[in-house]
Amino acid sequence: MPDPMVLYCHAARLTPGLLANKDIGMTMISTDLAGLYPEHLARLQQYYSEAAILAGCAGVLIASGTLQPCFLDDHHYPFVVNPHFKAWLPLVDVPDSFLLIRSGHKPRLLYSQPEDYWHLTPAAPQGFWVDHWEIQSIQSLQDAQRLIGDPQNLLFIGEQVDLAREWGMSAINTPAALSALHYERAYKTNYEIACLRRANQIAVKGHSVAETSFRAGQSEFEIAHAYLGAIQHREQQAPYGAIVAQNEHCAVLHYQFYAQQRLASADLNSLLIDAGASFHGYAADITRTYAARSGIFQDLVTSLDQHHLGIISDIQVGMNYADLHEKMHRRIGQLLLESGCVNMSVDEMLETNLTFSFLPHGLGHFLGLQTHDVGGFQQSRQGEEKSAPEKYPALRLTRDIQNQQVFTIEPGLYFIPMLLGKLKQGPHQAKINWSMIDELLPYGGIRIEDNIVIQDNLPVNLTRLAMAEHRQP
């Protein structure tokens, strides 16, 4: 019987981003985390041992991070764990803990459980992963130092540089070691892909509720909190602050507020929600745009969605992501021409970089332990980088596309007054349908973002898969 993954991928080629057989989609990526974890752990042990050798060390000490006090106050900023720490195990809220990795030895977790009547002491770790670790409870940094022993032959990875120096360590965040680790992080294990799939499933629940809230006339603030309720995250647990924008706010790429006032139904035009979810430390990053009613803007949303799925079907293993970005600009030119927004050939739009005024950000980025995962510019384990093309300075990814990579595809089409003002004063202003642009300004813009994994030389759309699963009765 053919492999379900291959069947699904070929179906996705014929109908990009959609599932021809939902049963195939349900089983295409294993969700057996316990079964997948040992291979993941073995791979990390190999790469981190190699990184230690690059730093001239016999092992690695990874710090989870520590709570940072707010200036002139008695509480702390939200804790964000070191991504190198959560790569090993699904713990994200563990300040002042450490991982000790030595080749040929069972990995050790020094787990902070301080005695404290102000805060709840963390419970003992549980789950599928604990039997693979030697776990020791610590109540202080002094406990950690005592259990680590002589740290001078260890590579330290973390933000607590002063602590590492105090303990006598000299190999601290060694660039050659980090370059090698960050390059390899682009290639996800099957355990990581399973976590990313689960993060997409969680986020899709939130996006469904957000659309319902929008169509019920709720405010940005209400939609944002409905989303968090649906995914059952506190705001600091989400991989990034959600962008929840209505009307003209959709033209602000990283809009950072939540308006509390509801708009009158006659004034409500659009919603752009860019919001993710976390699972075991891995991030989903999904964007959807909705029109309040049928008409010119809804037609553009539908057209961009078709081009979005089309560019995913254009993905080929071995092609450079920057070339895919260039292909998307050609599609944006086609959309502008076909919609009547611009009266210029697509070739001329690309030659004059006119499409940049409507799509000023990159097509996507690596995704994993971080929303914008590391290594997007690296071309080798040694750290050589390839910068974004001068024409597209915001592009975050210039690697060749390979199996086991996970990245976003997020084209947009925006009506940004600042960029349109420059266009109106430029040499091609007569080629723009300004009456149509004026009609579209109140809608702000469109962005559609899916999370893609490359397996068996074909793109698998984790986001559309999760949406298809969500729609099943």
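Begin the tour by selecting Lys-188, which at 3% relative accessibility counts as buried; bear in mind throughout that the model on screen is a predicted one. Lys-188 forms a salt bridge with Asp-373, and the closest N and O atoms of the two are 3.6 Å apart. Show both side chains together with their surroundings in the chain, since Lys-188 sits in the loop between α7 (175–184) and α8, whereas Asp-373 sits in the loop between α12 (346–351) and β9 (406–409), so that the pair links distant parts of the chain, 185 residues apart. Asp-373, with a relative accessible area of 7%, is buried.

From Lys-188, move on to helix α8 itself (residues 190–215) and add helix α3 (residues 33–54), which packs with α8 at an angle of about 130°, the two axes being 7 Å apart. That angle makes α3 oblique to α8. To see where the helices meet, select Leu-33, Leu-36, Tyr-37, Glu-39, His-40 and Arg-43 on the α3 side, and Asn-190, Tyr-191, Glu-192, Ala-194 and Cys-195 on the α8 side. Coloured by class, this contact has six nonpolar, two polar and three charged residues.

Next, select Arg-108 and Glu-134, which form a salt bridge whose closest N and O atoms are 3.8 Å apart. Here the pair links strand β3 (residues 108–112), which holds Arg-108, with strand β4 (residues 134–138), which holds Glu-134, and the two residues are 26 apart along the chain. Is each partner buried or exposed? Arg-108 is buried, with a relative accessible area of 14%, while Glu-134 is partly exposed, its relative accessible area being 35%.

Now go to Arg-447 and Asp-274, a salt-bridged pair in which the closest N and O atoms lie 3.1 Å apart. Because Arg-447 lies in strand β11 (residues 445–447) and Asp-274 in strand β7 (residues 270–279), the pair ties together parts that are 173 residues apart in sequence. Both Arg-447 and Asp-274 are buried.

For the last stop, select Arg-288, Asp-305, Asp-450 and Arg-464 at once, and display their side chains as sticks, for these four residues are linked in a network of salt bridges. If you then wish to look for other such pairs in the model, the count comes to 16 salt bridges.

Conventions: Residues are numbered from 1 along each chain as its sequence is written. This is a predicted model: local features need pLDDT of at least 70, side-chain atom pairs count only at pLDDT 80 or more; totals for chains, interfaces and linings use all residues. Side-chain values use heavy atoms; hydrogens and water are left out. Axes are lines fitted to C-alpha atoms, for helices over the stretch in contact, and angles run from 0 to 180 degrees between N-to-C directions. Helices (H or I, at least four residues) and strands (E, at least two) are DSSP runs, numbered from the N terminus. Angles under 35 degrees count as roughly parallel, over 145 as roughly antiparallel, 65 to 115 as roughly perpendicular and the rest as oblique. Contact means heavy atoms within 4.5 Å. Ala, Val, Leu, Ile, Met, Phe, Trp, Tyr, Cys and Pro count as nonpolar, Asp, Glu, Lys and Arg as charged, and the others, Gly among them, as polar. Buried means under 20% relative accessible area, exposed over 50%, partly exposed in between (1.4 Å probe, protein chains only).
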